Amino acid sequence: MSQRGEAEAEAEAERRRGRGRGRGRGGGDYNYPREPPPGAEAPAAAACGGGCALVVLLLVGGGGGGARGGGAEAHDQGRGPRSSRVAAAKQEEAAAAVQVARPPASSRAVKYTPRPGFGTVGTRCVVRANHFLVQVADADLCHYDVAISPESKSIAVNRAIISELVRLHRPSLLGGRIPAYDGKKSLYTAGALPFDVKDFAIKLAGEREKEYKVTIRFAGRADLHHLQQFLDGQQRDMPQETIQVLDVVLRETPSTKYVTALRSFFSPTFGQRSDIGEGLECWRGYYQSVRPTQMGLSLNIDICATSFYKAIPIVDFVGENLKLSYNARPLSDRDIKKALRGIRVEATHRRDKCIRYRISGVTSVPMNQLMFPVDEQGTMISVVQYFREQYRYSLKYIHWPCLQAGNDKRPIYLPMEVCKIVEGQRYAKKLNERQVANILRATCQRPQQREQSILEMAAFNDYKNDKYAKEFGMTIADQLVSFNLELACQIFQLKYHESGRERSCNPAVGQWNMINKKMVNGGTIQSWTCLNLSRVPPGDVHRFCGDLVGMCNNIGMQVNPRPSVEIQFANPNRIEAALADVHKKSMGRLQLLIVILPETSGYYGVIKRGNNKQYLENVALKINVKVGGRNTVLEDALRSRLPYITDRPTIIFGADVTHPPPGEDSSASIAAVVASMDWPEVTKYRGLVSAKNIGRRQFKICTRFTKYRQGTQPGGMIRELLIAFHKATNRKPDRIIFYRGYLPPITFVVVQKRHHTRLFPEVHGRREITDRSGNILPGTVVDTQICHPTEFDFYLCSHAGDKQTYSLHVLFDENRFTADGLQMLTNKLCYTYARCTRSVSVVPPAYYAHLAAFRARYYMEGGSSDGGSSSAGGSRSRERPAGVRQLPKIKDNVKDVMFYC
């Protein structure tokens, strides 16, 4: 946040504190101090750190229930299901009796919401987490700046330089110290070096010996005492630099042995490589990170896998990646430009030495037409002739273009057949569905196997004998931490229509079905048809459509059994013309269009098996919400028993931003925000999207969602959604998010799924504490031991199956949520997801926002060119910024329904 923004936030907070009164639960008044809102950049800083994709949930909760007493007292309270009103009364009594002491924070610190207490609702169980306790001896941690001249952009070269410096000068000029280096600008030691600043001359041997000047300059000290105070809850400012020092220390050894990708390390020594198709393979590895938690410092270790280029000849890679084999026809540079650009290769045509290059482009002409000058007089020679005369090498693939390294002024042409991909290059682009499925198939493990793999990886790393850990006095435990927690397995019901044989149901282990049930609000469809772009026979298509319509009607919708326009069949290469034809024949009155796509991933089999009731049921659920219906609602919402929601008009927002895949920086980033429109049920979410071509991975989400002024014209997606809420409910929300037209209390929660904390049952295989797959039960909440020392965060496993939890971090809370209140609300909301009869792993508002942003990207994709090509004279193909299509305006009648589902 800018200085001006901070000043305005402080002034706003002071004004509100001066007013001093807010509306409490049930309309009562109460006085409480409020802290200034956190900065707009808070989500990334608080919950995730660098390199994460955040999903942001903007939750609005209630105003009752103050902060509770300390954690020990909270855990001694009675357990098991309780009435929410009784619980709220007890919590309000506790808030009146106990004042939670908050640790001090500096004036510059962003003051996130402190933890109000711990969850108490549910049954107790014991779990283990993939965190290993870390002990640090008292040491003088010194930080030194490193400057290398000439500057190298390669971390590997930087490490080689510092490694050589330590080898030569550790016993003398470094005072016997073993420094830890981050590969860039920082070097750390356990104790001061004998100098404050010193220059070194380091020579690196190689093809040509090169000398570097290295300057090491004292920069400061990391404060272990401050870290201990923070872990004890006596300081609110996280000593990020001290934690970074310890993290760099434990990363030093693997950084020199394995391939590094962000916080993860990969190597073929960690397990068998798996071919995932199209010239790629899967490598195993592990993630590690030092984290501050309530139990002290911990080392979070998790196993992982990612994709790498196979170390094969370029010709073989082109054959696998582009499904091409050599023939007489020329191969366009556009076919291979994206596949090969940036890859490091080694030339194989010289027996005397091996030279490596980075591919910078592809020639626009085939090799047999490519000429270049060989002397200052400009004598031209072909690449084919040059290789024949210089290396006595007869090139075969003369109709393919050449790879190009170097720059435009001094290009280096490399025939593909003499190049081999260098091993250990991570593939950073987006994988296709088949490749993702192959990785999952190769790496999927049951919880017990995964836990064992993590323990084996920790043992393999042998931290107790790591020379850097010894130097800095760090000791890492060899077992996962285990702890007691509350399993939020309270019984609640989902409401269905009264006309069904079953009017409500109690979800079992996070899932249920639609047998004997009807949608609580079925939609109506009078006009529909089907467009078949596949080779599925007409009889099967008609049968499938009939079965789907029958399923919709059987579970509560009202769908015309006959299509309003005869079912259409079209060539998939003429899809736009086919869609225009359907629109014309329906005179623009079509409510639903079913499109059967060409065979890609087994859909033909699904259509042939039209009697697959589970598939038809899931499609019907999606159709219903697309036309404005509701599938189910929480019984507690209908009976005004949903804390922080049903007592006063409340709106829940979800927000997400999707960025283009790596290498597609010319594409736009898309932000989406959804908001509940059906208080008190909170199941129907209106969605809005916005696109911005930013060219880099940063999106100031708040500025796109909140009210802003350009001259005198107000704008923003939040404002539009608030107006829609008022029209839908005839009420203004008393609790909302961000938009502060009349100062309602707000709560801002960041949801993060891409983390590496995994939870395991105390005893694998016990049915009362695990599901059929051996995972922890849905509803498991962790807010102790491995969470933030003082701030309001927790892990929630809300779904059955995968052991992945998601982390919620409360950045700002004026609604005074209790731990139980927010945990129970979030868990219950996960049972209202419209697309299936299962609880889901991310709270639906955030999930819907992700779907809306993802859908908007399809609206923007176009057939723009990949850019121009080089001339035969030597300029390489460059990818010019592609024109970005404008995001089409979503029609108002589409906005009113959950079109993104």
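Q: Which residue of β10 stands opposite Asp 145?
A: In this predicted model, Asp 145 faces Arg 217 of β10.

Q: What makes β6 and β10 a pair of strands?
A: Pairing takes at least two bridges between two strands. Strand β6 (residues 141-149) and strand β10 (residues 210-222) have 9 bridges, in the antiparallel sense, so they count as paired.

Q: What makes β9 and β10 a pair as well?
A: The same rule of at least two bridges applies. Strand β9 (residues 197-204) and β10 are joined by 8 bridges, again antiparallel, so this is a pairing too. One of the bridges links Val 197 to Arg 217 in β10.

Q: Why is Asn 158 called buried?
A: Buried means under 20% relative accessible area. Asn 158 has 7%, so the word fits. Asn 158 lies in helix α5 (residues 155-169).

Q: What is Asn 158 in contact with, leaving aside neighbours within four places in sequence?
A: Its contacts are Ile 148, Ser 152, Tyr 181, Gly 183 and Lys 184.

Q: Why is Cys 402 not in a disulfide with Cys 419?
A: A disulfide needs two cysteine sulfur atoms within 2.5 Å. The closest cysteine sulfur to that of Cys 402 belongs to Cys 419, and it is 8.5 Å away, so the two are too far apart for a bond. Searching the whole structure gives 0 disulfides.

Q: Why are Cys 142 and Cys 402 each called buried or exposed?
A: With the cut-off for buried at under 20%, Cys 142 at 1% is buried, and Cys 402 at 0% is therefore buried too.

Note on methods. Residues are numbered from 1 along each chain as its sequence is written. This is a predicted model: local features need pLDDT of at least 70, side-chain atom pairs count only at pLDDT 80 or more; totals for chains, interfaces and linings use all residues. Side-chain values use heavy atoms; hydrogens and water are left out. Buried means under 20% relative accessible area, exposed over 50%, partly exposed in between (1.4 Å probe, protein chains only). Helices (H or I, at least four residues) and strands (E, at least two) are DSSP runs, numbered from the N terminus. Contact means heavy atoms within 4.5 Å.
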